[in-house]
Amino acid sequence: MQSFGMGQAINQALREEMLRDAGVFLAGEGVGVGIHSSPMLPTAGLLDAFGAGRVKDTPVSEAAIAGLAVGASVAGLRPVVEIMFNPFFTLASDMIVNHAAKLRYLSGGKSAFPLVVRIKSGAGFGAGCQHSHNLEAWAAHCPGLKVVMPSTPADAKGLLKSAIRDPDPVVFIEDMMLYFVPGPVPETDYLIPIGQADVKRQGNDVTVVTWSKMVGVALKAADQIAREGIDLEVVDLRTLVPMDKKTLIESVRKTGRLVVLHEATRTGGFAGEVAAVVMEAAFDHLKAPLRRVTGPDIPVPASPPLERFYIPSEDDLIAAVKEIVR
Amino acid sequence: MQISRQKKMEMLRSLLLSRRFEEELTELCKIEHKIPGMMILCTGQEAVGAGVCAALQPEDVIVTNHRSHSHLLAKGADPNALMAEILGKRTGCNKGKSGTLHMAVPEVNALCTTTVVGGGPPIAVGIGFAQQYRQEERVTVCFIGDGAANEGSVHEALNLASVWALPVIFVCENNRYAGAQRYEEHTKAPNIADRAAGYAIPGVVVDGNDALAVYRSALDARARAVNGDGPTLIEYKTYRWRGHGEADCQLYQPKDEIAAWQAMCPIPKLRGDMLAQGVISEDELREMETRIDAVVKDAVRFAEKSPYPEPNEALEDVFAGS
């Protein structure tokens, strides 16, 4: 099987979907001619393959990029637009929050907005808080948006293909550090359903619910703590909206313990939602209080030791697990 | 340019229908709990919707805003479905989900009404892009007000439409008020259309109370757009007779100013010209007015006797198939 990072997996998904459907086009800042030319990046080479009619480099205009997607999708195309960094979602947010998410509903179901907003996200490249800010909880809080955050190259390919074919607006958040972490990717045309979690590791003692880059952290922590006889089950949510509550709740009923792990800051973060769902559906199965392991409530700092402090680590997770396993 | 009798009749009908429709709404607003939410009217500005939509083909798209009634009616939306929507009924064009402020009527290519000020232009750019992408000979018209012209999103949209030569016509209805602010209080430049120079596209200033002048200018912009020459920014000088909403006391709007603009009402202007030139007879005019009156009364009757949606219908239409 081919093996490469999430950047190339996304590239392959885009290429395949553009070949399959002439209505699919790409737009964003530098999606065609960018300042970097690494083949490991998501849109590398697509301008050459599909031409400037379908791979549209835009001005630095996030509202217009997102509006382009809203308008083009209601007019019958399948736009895939890119927001360069997650904090710039705020500039596009009127179009996403007030328009992409609400216009189907406002139309009484007459209009459709089958668009994908790819957002590059995640801390870890030292750029500081105006370039690193995980805002998935904002998007998830907005009815009418689906929110996808893949953790592996294979998941990214299958989920992005589903997102492009989805009849609704999908916010597809890519952790940039994962662009460079290789993994196996099937060469076939396959879809991973939106709204289906994946148990990345089976275990009996504690359920760790997480997504995106933190799945890797959870799996490493699980290997470490297994040596001490503690068996973690790692549930990769993959899609925040709609949430696969069934897989989540079944896992917690089995293990009786829950830690929710994400890189985003804590207050109002999506861990709170996961925790509440578990409390409503599986409170009686909990043998110990649940724990959240998240970024602290600070903007992401730039200096390497500060940024490392910000990003939740294996040690942070292990400490939380030990608190509830006695 | 000669304008056909048929086009003139179409515009007059559209002006009268919109006015009559909104007169009815003005009355309905006085009845407590009859109309949910706000009621924002375009009374006095009807020549813009009538003239612009008369210049469009059925496949052309419009994106509209708070003062949408004349735009939607001129584009051919069903008055019954609009009235029912405004009253919050299940038979409304959007099943009661939209209310008066966000009506989408895709069956007549009125693809979007947004009441986020400045929200329309980026979406119009996307629709125009789709038209260009599919090499259709269609255009998208985006109606904004003078207040919206100060939103950053409008700048982004104008710039992108210009750079990609998109078939979008940006129509600014300068009705001289943004909320409670006079034009001079929110904008220093004498004309919004002057901003077009910054995007290297034509900017045109037109009498917005003259339906025929509106029609001619929109026809020119449409020809330019389908020719591949890109967008046009047209500013129609008109006036907001009513307040920001029907609850607005309009204390900031001088009475004599309102009266002066009402004296320039677009309806007698077109009607007078058509009668003087023998395009329409007094009898035909009376017949047209009677017919329109019946259409609006039917719409109110239809809306009033339609059922409200069941509460749990609120859960439908969030996602496809939901």
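**Close-up 1. The surroundings of B:Ala54 in the predicted model.** Beyond its neighbours within four places in sequence, B:Ala54 is in contact with B:Lys7, B:Glu10, B:Met11 and B:Tyr215. This is a predicted model, so please read each view with that in mind. B:Ala54 belongs to helix α2 of chain B. The residue counts as buried because its relative accessible area is 3%, under the 20% cut-off. Also worth finding here is B:Ser14: the C-alpha atoms of B:Ser14 and B:Ala54 are 9.0 Å apart, with their positions 40 residues apart in sequence.

**Close-up 2. Helix α8 of chain B and its cover.** Helix α8(B) runs over residues 211-226. Its 16 residues, at 1.5 Å a residue, should span 22 Å, and the end C-alpha atoms are 22 Å apart, so the two values agree. Buried residues of α8(B) include B:Ala211, B:Leu212, B:Ala213, B:Val214 and B:Tyr215, and further along the helix B:Ala221, B:Arg222 and B:Ala225. Among the elements of chain B that cover the buried residues of α8(B) are the helices α1 (5-29), α2 (46-54) and α10 (266-276). The strands β4 (168-174), β7 (203-207) and β8 (232-237) contribute to that cover as well.

**Close-up 3. The two ends of α8(B).** At the N-terminal end, B:Asp210 acts as a cap, with a side-chain oxygen 3.1 Å from the backbone nitrogen of B:Leu212. After the helix comes B:Gly228, which has a positive phi, near 90°.

**Close-up 4. Where chain A meets chain B.** Chain A brings 43 residues to the contact and chain B brings 35 residues. About 3100 Å² is buried between the two chains, and carbon and sulfur atoms give 69% of this area. On the chain A side, A:Tyr105, A:Leu106 and A:Lys110 lose the most area to chain B, together 21% of what that side buries.

**Close-up 5. Polar links and the chain A side of the interface.** One salt bridge is counted between chain A and chain B. A:Lys110 and B:Glu107 form this kind of link, their closest N and O atoms lying 2.8 Å apart. The count of residue pairs in polar contact between the chains is 15, with both partners at pLDDT 80 or more. Elements giving two or more residues to the side of chain A that touches chain B are β2 (24-28), β3 (55-57), α3 (62-74), α4 (89-100) and α5 (103-106). Of these, α3(A) supplies the largest share, nine residues. Sorted by class, that side of chain A has 20 nonpolar, 14 polar and nine charged residues.

Methods:
Residues numbered from 1 in each chain as written. Chains lettered and ligands numbered in written order. Predicted model: local features only at pLDDT ≥ 70, side-chain atom pairs only at ≥ 80, totals over all residues. Heavy atoms only, no water. Contact = heavy atoms within 4.5 Å. Buried area = accessible area lost by both parts, 1.4 Å probe. Salt bridge = Lys/Arg side-chain N within 4 Å of Asp/Glu carboxyl O. Polar contact = N/O pair within 3.5 Å; in protein donor to acceptor, adjacent residues only side chain to side chain. Helix = DSSP H or I, 4+ residues; strand = E, 2+ residues; numbered from the N terminus. Nonpolar A, V, L, I, M, F, W, Y, C, P; charged D, E, K, R; others polar. Expected span 1.5 Å × (residues − 1). Buried < 20%, exposed > 50% of the residue type's maximum accessible area, 1.4 Å probe, protein only.
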